[in-house]
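Please open the model in a viewer and keep the selection panel at hand. The tour below proceeds stop by stop.

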Amino acid sequence: MPIEVEEAINDAVICLGCEKGFPGPIYGCSDCKFYLHKPCAELPKQTQNFFHPCPLLLDILSYTCNACSQHGLEFSYRCERCDFDMHVECAQRPTIDSAGEEVIHHFTHWHPLTLVDQKRKDLEVGCRICEKLCSGNGSSNSRVYGCEECNFFLHNSCMTNVPQQLNHFFHPSCPLILLTYKSYRCKGCDEDGSGLAFRCGQCDFNLDLKCALLATAESKNVDKIQHYAHHHPLALRENIDFGSRCRACGENWLGPCFVCERSCNFFLHRSCAVEFPQEIHHHHFHPLHPLTLSPLPPDPDRHTFRCRACGAMDERFMLVYRCAKCDFNVHTHCAKPKVTPTPTPLSLKFRGHSHYLIFLNKTRGPFICQICWKYAQSCFFLCVACNYAVHLYCHPSAPKTIKHKCHLHPLTLTSSPFEYELNSPQDEYNSDDEFYCDVCEEKRYKFESVYYCEDCKFIAEISCVISELLPSLTIRQNSTKGKVISRDEENSAIEATIAKRNNEIAELRAVEKPLELEIEKLQAVLQPIKKKVEELETDNVLDIYRLNQNRENNYSDEASTS
């Protein structure tokens, strides 16, 4: 209820909203000694101001006003997310009605900005955004606005183009707001700064304007960029011996590169900085979620990772295409579209395995074939999610003997290596031995079967005669448990599976909900029981300890008496 002035306890009582005395009606709680002026009590709970893009909520706490930089203990309008505060008076100050654009309000500065006379000869100050000299020829883009009191000046073009809020590669988790601070440390270049900065108050993250407004790798004729794969600026360097590998492609330093100038030992070839997209959607290795080009999270116990596509181990400092939710990581080159022996990627459904298997030609790391239980490194089908692999030649439809233009005689599927290829039987498992295909005359993986002519000792690895294998799989697709399918067939099968699975999900959720409610009720009963058991067990331990101590004292007393 309103309390009249004369009903106040004494003159020392002040309004907690503005910390001033009471010249008029007040609202108060006598028990809590909490009093407010009627205007303070009727302040709106929320307001908006040109100086900050987020809604400001009425609050009371100790703060420093981001507008006038003065300290306050009374009511403020606050943005909790940005750690931004304004005095009530500052937040409610009316915006200037600009006449002919000679005086304006802009979010870069709290005071009004006045159009500067271009004929002034004494104006030799830098623009607070681009840091270049404020001068011009009178055109709209070269006009200058300024606050003489604060020595704050901006080019009209800079003022027009600078955003009040942005999302940045260096801090992708939260938006950054343009604010003014007396001092801060830039998280991009690690230099101290003052004045305008893009800030995330929630994370205490600041970027000066140079780092925040850096060009991207696609820009031409730039010597410093921001890149989504690293959280510091990258500077262009020509052929310098850096002594490290490109974090994207893994190759050594060759040609122009972008280098982190801080102690990160990070560099990207200029071509790699543009070539690899930030995200890949609906990749056939992991269609559930997007794969993002990013570094792996630090792990002091592990210095390597296994690529889920090729199976090879590599150093953890390399960039990967990653789904953090599933901890799914693949090399950048493994994420690229692969050249396949057919116009579209081959998919195989095999022996009741619930997922489709993707055809892979060659990989750096071996997988285990689920038919012959031997290593598979080339020409096999793989379920990336389960590491379930099947050699192409182990498929029931694969022919055991073929004719191919590479050789006059029939070729028979035969285990490798051959005795005549070995210097001695002990050399069979020597990893340094080299075995070759007689068709392409390139090195082959010796433990995988080949098509072989015994009379001529002619060896053809599977990839060189694959054209004779794939048609047999397609021809027998209606009579085999596993089959190569077209994209349309795959889509129809997937749609049917999704519909069936959605029905199953709905049925399970109908069962799940009452069970969850029952669990909540049981948890409410269980928690006090568990707490009581813990208390009793603790009391038992203490009493056992006390009992043992008493017994030891009794023994000591008896011994001393005797």
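Helices (H or I, at least four residues) and strands (E, at least two) are DSSP runs, numbered from the N terminus. The model is predicted, so that local features need pLDDT of at least 70 and side-chain atom pairs count only at pLDDT 80 or more, while totals for chains, interfaces and linings use all residues. Residues are numbered from 1 along each chain as its sequence is written, and side-chain values use heavy atoms, with hydrogens and water left out.

**Stop 1: a charged patch.** Select helix α8, residues 487-561, and find E534 within it. Then add E535, E537, D539 and D543, which together with E534 form a negative surface patch. Patches are made of residues with over 30% relative accessible area and no salt bridge, like charges being joined within 9 Å and nonpolar side chains (Val, Leu, Ile, Met, Phe, Trp, Tyr) within 5 Å. Lys and Arg count as positive and Asp and Glu as negative; His and the chain ends are not counted. The place of a charge is taken as NZ of Lys, CZ of Arg, CG of Asp or CD of Glu. Accessible areas come from the Shrake-Rupley method with a 1.4 Å probe, and for residues only the protein chains shown count as cover. E534 has a relative accessible area of 49% and is partly exposed; the classes are buried (under 20%), exposed (over 50%) and partly exposed in between.

**Stop 2: an open sheet.** Display β32, β33, β36 and β37, four strands that form an open antiparallel sheet in that order. At its edges lie β32 (401-402) and β37 (458-460), each pairing on one side only. Two strands pair if DSSP finds at least two bridges between them. Three bridges join β33 (residues 411-414) to β36 (residues 450-453), and T414 has V450 in β36 as its bridge partner.

**Stop 3: salt bridges.** A salt bridge is a side-chain nitrogen of Lys or Arg within 4 Å of a carboxyl oxygen of Asp or Glu. The whole structure holds 15 of them.

- Select K224 and E261, whose salt bridge spans 3.3 Å from N to O. K224 is in strand β18 and E261 in the loop between β20 and β21, 37 residues apart.
- Select D314 and R245, which meet at 3.4 Å, N to O. This pair links strand β25 to the loop between β19 and β20, 69 residues apart. D314 is buried at 9% relative accessibility, whereas R245 is partly exposed at 22%.
- Finally, select R78, E80, D83, D85, R199 and D204, joined into one network by salt bridges that share partners.

Note on methods. Buried means under 20% relative accessible area, exposed over 50%, partly exposed in between (1.4 Å probe, protein chains only).
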